[in-house]
Amino acid sequence: MILPLLVAVLTSALTQEPPRLRTILDNGAVILVEPMPKEKTVSVQLWASSRYVPETEATHGYRHLLEHLIVTGPDHDLDRKLETAACFLKARTYRDATQMELTVGADQLPLAFETLRTILRKPSFTQEQIDNEVKVMREELALLDEPAKLSSAAWRAAYEESGLDPLGTFDSMYRATPGKLDEIVGKQFAADGLALVIAGPVDLDKATAMGRDLLGPRAKGSRKPVLPIREGHPGRVADAEGSGEARAALVPGFNSPQTVAALAAALAIASEFQNAFVTYTPTAQKGLVLVGRTESSTGLGAFIDSFKSPASLYNVGRQLAHEWIQRQLRTSSGVGYLRGLLLAQGVANRPEMLLEQLDTLTPAQFEAGMRALMKDNAVTAVASE
Amino acid sequence: MIAALALATALIANPVVEVIDPAATYVSVQAIIKLPELSPHDQAAAALLAEAIAYDVDGYSRFTMRDIAARAGDAVSVRLMPDHIRIQVGVLPQDLKVGVAMIDQILRGSKLPEEALNKAIAERPTRQRSLWTTALWPFHYTFSRMKQRDVMELYHRICRPDNVWIAIGGPIKPGEGDQLWTARTSDWKPVKVPKAAIDTSLLPQEISIKGPEAIVELRGPEFAGNDPALASQLLALIGLGSGKGSAMFTALREAKGWSYRQEAILWPTANGFVPRLILPSSDPLGPAELAKGAREQLLGALSAWTDSDLARAKGMAEGILLRDFELSPLYFRPTRPIDASLHDRTFMAAYWPMKTGQAWLPTGLLEQMKSINLEEFKSQAKGMLEVAIPRLIEAGGG
């Protein structure tokens with residue numbers, strides 16, 4: 001009796017999953033195609049892992065600078081071509097990987113691949129180009145909002161050098177030279193650090209073949225990956241830029257019950273306030289789950305430390321966390337983001353692991369998630385204003 | 001007699017707009033309350049009303065509403081814009097009736113407790129004032145002398161059936177949302193509206209901001225929501241400041257390095273829309289010279305526009321209207337453009353008729369844009385730029 005039931009459950013689980021195909025190439029690059037026939041557009045996302053180029057004080061922000069310089073293409077004409085064809089390219093640098101996302105129509109995959117091929121061609125930069133871009137990036141850093149500033153301060157306090165903000169600082173980036181960036185390019189775009197996700201109204205086999213053509217010829221990295229050892233510790237930073245306060249739970253990888261519990265707890269706490277934010281970027285390494293507010297007197301810390309009935313928020317937290325994950329998996333862009341970010345960190349990583357942990361989250365684990373946000377266990381970032 | 005009254009209400013109330021999306025996992029229930037031109041005091045009252053309206057209502061505490069919305073992984077949210085207050089909740093399909101009831105109670109049975117208003121008065125001025133937020137909302141409210149009755153009076157003045165647009169979107173049956181809403185609110189009668197004092201003075205504007213960044217804005221002339229040239233104005237804005245092929249990106253960021261983020265946006269006002277070209281910059285030129293320089297650079301860039309620039313703008317417009325690009329001039333949320341979510345699609349289905357008198361049909365808007373030629377494209381952008389008024393916020397404030 002047990003066996004047939006198990007088979008039935010497995011069959012049911014399989015039928016609920018949309019078809020998708022993950023292909024691991026000989027050179028280590030990974031391609032994932034997820035057909036989503038009802039989506040209006042295809043999201044083609046190339047993710048370049050930071051495993052060979054982790055942020056250090058010496059190279060702080062170089063990946064971000066590189067992202068700025070390469071996405072325009074050697075002739076600075078990629079965006080114009082794309083926008084004329086109602087397509088769009090955006091790029092973003094995270095701690096664990098750099099994302100390049102193309103949004104194209106169902107019949108425009110060749111344009112997306114032509115664009116990526118151009119971006120992946122070995123670029124060359126002049127010092128003048130670098131200096132001009134660093135000037136623009138100084139303006140970008142000034143635009144960071146309060147949640148980003150609080151998050152950056154909390155990461156630095158928790159993980160020190162291995163928690164450096166991938167956006168970098170002007171002080172570090174202005175030292176970049178063409179030679180230093182060339183070195184980053186070589187390491188960051190090694191085949192075994194690349195993940196390509198294609199999601200949307202596409203043919204599974206054709207899209208996979210196109211991905212294979214793009215990434216197959218690339219060489220594998222010649223160095224050993226340098227994974228930063230993130231050893232975090234609780235603490236308090238009281239001079240974060242901006243205004244407000246954030247609490248950050250120190251959590252292991254994305255697929256651990258502690259992480260999911262902290263995420264559910266943070267979302268539940270945020271729901272107690274009218275204006276609160278939660279930040280978590282899924283990482284296979286140790287990370288932070290943040291909840292914060294941006295008012296000058298937030299009441300957030302006092303609320304967390306004195307909250308007496310965490311069990312009352314258990315259902316709310318679970319439901320909010322579940323939807324937080326699921327909403328991303330309902331759009332082609334969200335699929336590209338979540339699957340790409342995780343695949344770039346390991347070919348076996350899947351967002352479903354988060355959902356599985358959530359499905360089995362117990363009230364006791366949730367309470368532990370709440371405790372992880374209390375001041376003795378967490379990082380508190382308070383703005384100086 | 002009862003039938004006659006019901007008919008009168010039906011004639012006055014705006015029709016419920018439904019957005020059917022069978023694939024959605026939640027139902028979005030929204031009320032859009034139109035804001036008229038308000039005095040600075042009333043604008044401050046509107047800001048407090050948006051903070052407190054869903055705090056505690058007859059029949060539902062905010063925690064009850066939170067728990068109901070959380071079942072769908074959602075929340076009750078209230079957003080203030082210069083021309084409307086948007087109340088929104090996502091609920092599970094089986095909770096649609098209660099979702100409708102919650103919105104109804106918020107509109108008609110809000111208690112606006114002193115506690116919530118005082119909290120809002122304390123918190124609102126210090127809430128996130130990032131550079132971009134300040135650029136979009138470059139003024140501050142004055143809450144001194146604000147009384148609960150002022151907020152309550154505004155609440156009753158604007159929450160009337162003829163001034164509220166209801167939209168329901170998600171996996172619903174055609175007519176289901178309308179039926180539920182109508183059945184629930186058939187007793188909602190328009191009341192006599194007290195006339196507000198006429199005061200057209202402006203809210204106090206920020207004159208400086210902390211840090212090295214100044215904010216430069218070129219604000220074009222206001223136009224009505226039903227302006228026949230709306231499509232043309234929108235295309236001109238896209239040509240000027242949407243996308244990395246736009247004039248602002250190429251002439252101000254790439255050529256001059258003045259800014260990282262520079263956008264031309266369509267900003268709603270009580271009387272229509274205004275085009276706003278915004279760039280924060282720490283360039284040593286300073287805001288006055290930057291504004292002058294930006295206008296010159298942009299006029300120079302658009303005078304050189306060719307059919308290729310027009311084609312790019314039209315391509316970008318297609319991406320924005322049909323493919324839900326994030327980089328859009330449709331700034332109908334407080335700090336960012338609308339997106340492709342069910343909530344925003346549902347919102348637009350009610351907001352656009354309220355604003356323009358027309359149904360929200362992105363394909364129709366795009367069709368109008370297709371017939372715009374290079375001369376009209378350039379002339380619209382040039383006209384916008386030439387009369388745009390600079391609004392400047394200096395760097396280095398306290």
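**Exercise 1. The second largest cavity.** State which helix gives the largest share of the lining of the second largest cavity, and describe the rest of that lining.

Solution. The helix is α4(A), whose four residues make up the largest share of the lining of the second largest cavity. This is a predicted model.
- Step 1: list the lining. The second largest cavity is lined by A:Leu78, A:Lys81, A:Leu82, A:Leu111, A:Glu114, A:Thr115 and A:Thr118.
- Step 2: assign the elements. Those that give two or more residues are α3 (78-84) and α4 (109-120) of chain A.
- Step 3: sort by class. The lining has three nonpolar, two polar and two charged residues.
- Step 4: add the volume, which is about 30 Å³.

**Exercise 2. The largest cavity.** Find which residues line the largest cavity and which element gives the most to its lining.

Solution.
- Step 1: count the cavities. The structure holds two of 30 Å³ or more, and the largest has about 40 Å³ of space.
- Step 2: list the lining. B:Leu218, B:Arg219, B:Gly220, B:Leu240, B:Pro275, B:Arg276, B:Leu277, B:Met384, B:Leu385 and B:Ala388 line the largest cavity.
- Step 3: assign the elements. At least two lining residues come from each of β9 (214-219), β11 (272-281) and α15 (374-387) of chain B. With three residues, β11(B) gives the most.
- Step 4: sort by class. Seven residues of this lining are nonpolar, one is polar and two are charged.

**Exercise 3. The surroundings of β11(B).** Determine with which strands β11(B) pairs, and in what sense.

Solution.
- Step 1: take β9(B). It pairs with β11(B) in the antiparallel sense over six bridges; B:Glu217 has B:Ile278 as its bridge partner in β11(B).
- Step 2: take β10 (residues 263-269) of chain B. Seven bridges join it to β11(B), and the two run antiparallel. B:Ile265 stands opposite B:Arg276, a residue that also lines the largest cavity.
- Step 3: look at the connection. β10(B) and β11(B) form a hairpin, with two residues between them.
- Step 4: check burial. Ten of the ten residues of β11(B) are buried, so the strand is largely enclosed by the rest of the structure.

**Exercise 4. A helix in chain A.** Decide how many of the residues of helix α2 (residues 62-70) of chain A are buried.

Solution.
- Step 1: name the buried residues. They are A:Tyr62, A:Arg63, A:His64, A:Leu65, A:Leu66, A:Glu67, A:His68, A:Leu69 and A:Ile70.
- Step 2: draw the conclusion. Nine of the nine residues are buried, so α2(A) is largely enclosed by the rest of the structure.

**Exercise 5. Aromatic rings and charges.** Classify the pair of B:Phe332 and B:Tyr351, then place both residues in their cluster.

Solution.
- Step 1: count. There are 22 aromatic pairs over all chains.
- Step 2: classify. The ring centres of B:Phe332 and B:Tyr351 are 5.1 Å apart and the planes stand at 50 degrees, so the pair is tilted.
- Step 3: locate. B:Phe332 is in the loop between α12 (307-322) and α13 (342-356) of chain B, and B:Tyr351 is in helix α13, 19 residues apart.
- Step 4: check burial. B:Phe332 is buried at 1% relative accessibility, and B:Tyr351 is buried at 0%.
- Step 5: add an edge-to-face pair. B:Trp352 and B:Trp360 lie 5.0 Å centre to centre, with 65 degrees between the planes. Both are buried.
- Step 6: name the cluster. B:Phe223, B:Phe273, B:Phe332, B:Phe347, B:Tyr351, B:Trp352 and B:Trp360 form one aromatic cluster.
- Step 7: add the charges. The charged end of B:Arg261 sits over the ring of B:Trp132, 4.0 Å from its centre. That of B:Lys244 sits over the ring of A:Phe88, 5.4 Å from its centre.

Terms used
Residues are numbered from 1 along each chain as its sequence is written. Chains are lettered from A and ligands numbered from 1 in the order in which they are written. This is a predicted model: local features need pLDDT of at least 70, side-chain atom pairs count only at pLDDT 80 or more; totals for chains, interfaces and linings use all residues. Side-chain values use heavy atoms; hydrogens and water are left out. Rings of Phe, Tyr and Trp (its six-membered ring) pair if their centres lie within 6.5 Å; planes under 30 degrees apart count as stacked, over 60 as edge-to-face and the rest as tilted. Buried means under 20% relative accessible area, exposed over 50%, partly exposed in between (1.4 Å probe, protein chains only). A charge sits over a ring if NZ of Lys or CZ of Arg is within 6 Å of the ring centre and within 35 degrees of the ring normal. On a 1 Å grid over the protein atoms alone, a cavity is a set of points where a 1.4 Å probe fits but cannot get out, and a pocket is an open set with protein on both sides within 12 Å along at least five of seven lines; lining residues have an atom within 4 Å of a point. Grid points are joined across faces, edges and corners, and a volume is the space filled by probe spheres set on the points. Ala, Val, Leu, Ile, Met, Phe, Trp, Tyr, Cys and Pro count as nonpolar, Asp, Glu, Lys and Arg as charged, and the others, Gly among them, as polar. Two strands pair if DSSP finds at least two bridges between them.
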